[in-house]
Amino acid sequence: MSKAITFLTAEYKPDAFYWEVVEVFRKLFLTGFLLLLPNHLSFLRVVLALLLSIAYLVLLGVARPHKQRSTEFLNIALTLSLCFTFVAALLVKVMPLVGSPAE
């Protein structure tokens with residue numbers, strides 16, 4: 001059975017066999033569980049997504065689960081870009097609340 005699922009764990013160090021489960025829960029939370037919040041809490045959705053992404057980024061830097069440094073660097077870079085995207089979404093959500101400088 002372990003050879004049948006090698007494609008899931010081949011990129012990770014032997015002591016980080018669990019990392020694919022962490023990755024799946026992160027993706028499930030970002031794409032599924034956050035949508036369970038009602039539309040009027042969309043600001044909270046973005047804040048929770050940003051907090052989860054930052055926590056994942058820190059955990060990724062501490063755990064270092066990948067065998068190759070290039071894969072690790074790419075994963076950190078992509079997660080960081082996702083964090084910047086969530087920060088931009090927060091700015092889009094906040095700007096209408098601030099109002100114009102003339103007011």
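User: How much area does the protein chain expose, and what share do carbon and sulfur atoms supply?

Analyst: Accessible areas come from the Shrake-Rupley method with a 1.4 Å probe, and for residues only the protein chains shown count as cover. Here the protein chain exposes about 7400 Å², and carbon and sulfur atoms supply 74% of that area. This is a predicted model, in which local features need pLDDT of at least 70 and side-chain atom pairs count only at pLDDT 80 or more, while totals for chains, interfaces and linings use all residues. Residues are numbered from 1 along each chain as its sequence is written, and side-chain values use heavy atoms, with hydrogens and water left out.

User: Which elements make up the chain, and in what order do they run?

Analyst: Helices (H or I, at least four residues) and strands (E, at least two) are DSSP runs, numbered from the N terminus. The protein chain has four helices and zero strands, and from the N terminus the order is α-α-α-α.

User: How should the radius of gyration of the protein chain be read?

Analyst: The radius is taken over C-alpha atoms, and the globule rule is 2.2 Å times the number of residues to the power 0.38. For 103 residues a compact globule would have a value near 13 Å, but the protein chain has 17 Å. Along the principal axes, the C-alpha trace spans about 65 × 30 × 15 Å.

User: What percentage of the residues is buried?

Analyst: Buried means under 20% relative accessible area, exposed over 50%, and partly exposed in between (1.4 Å probe, protein chains only). In this chain, buried residues make up 23% of the 103 residues.

User: Which residues of α4 are buried, and what covers them?

Analyst: The general idea concerns helix geometry. An α-helix has 3.6 residues a turn, so residues three or four places apart point the same way. In α4, the buried residues are Glu-72, Asn-75, Thr-79, Cys-83, Phe-86 and Leu-90. Their cover includes α2 (19–31) and α3. The expected span of a helix is 1.5 Å times one less than its number of residues; α4, with 30 residues, reaches 43 Å from its first C-alpha to its last, close to the expected 44 Å.

User: Is Ser-53 buried or exposed, and with which residues is Ser-53 in contact?

Analyst: Contact means heavy atoms within 4.5 Å. Ser-53 lies in helix α3 and counts as buried because its relative accessibility is 1%. Leaving aside neighbours within four places in sequence, Ser-53 is in contact with Leu-30, Thr-79, Leu-82, Cys-83 and Phe-86. For the protein chain, residues 24 or more positions apart account for 61% of the contacts with a separation of 6 or more.

User: Where are His-66 and Arg-64 found?

Analyst: His-66 is in the loop between α3 and α4, and Arg-64 lies in the loop between α3 (42–63) and α4 (69–98). His-66 counts as buried because its relative accessibility is 4%, whereas Arg-64 counts as partly exposed because its value is 35%. Not counting residues up to four places away in sequence, His-66 touches Glu-11, Tyr-12, Lys-13, Leu-60, Thr-71, Glu-72 and Asn-75. Arg-64 has a phi near 45°, a positive value in a residue other than glycine.

User: What is the place of Phe-33?

Analyst: Phe-33 is in the loop between α2 and α3. With a relative accessible area of 44%, Phe-33 is partly exposed. The C-alpha atoms of Phe-33 and Arg-45, twelve residues apart along the chain, are separated by 9.6 Å.
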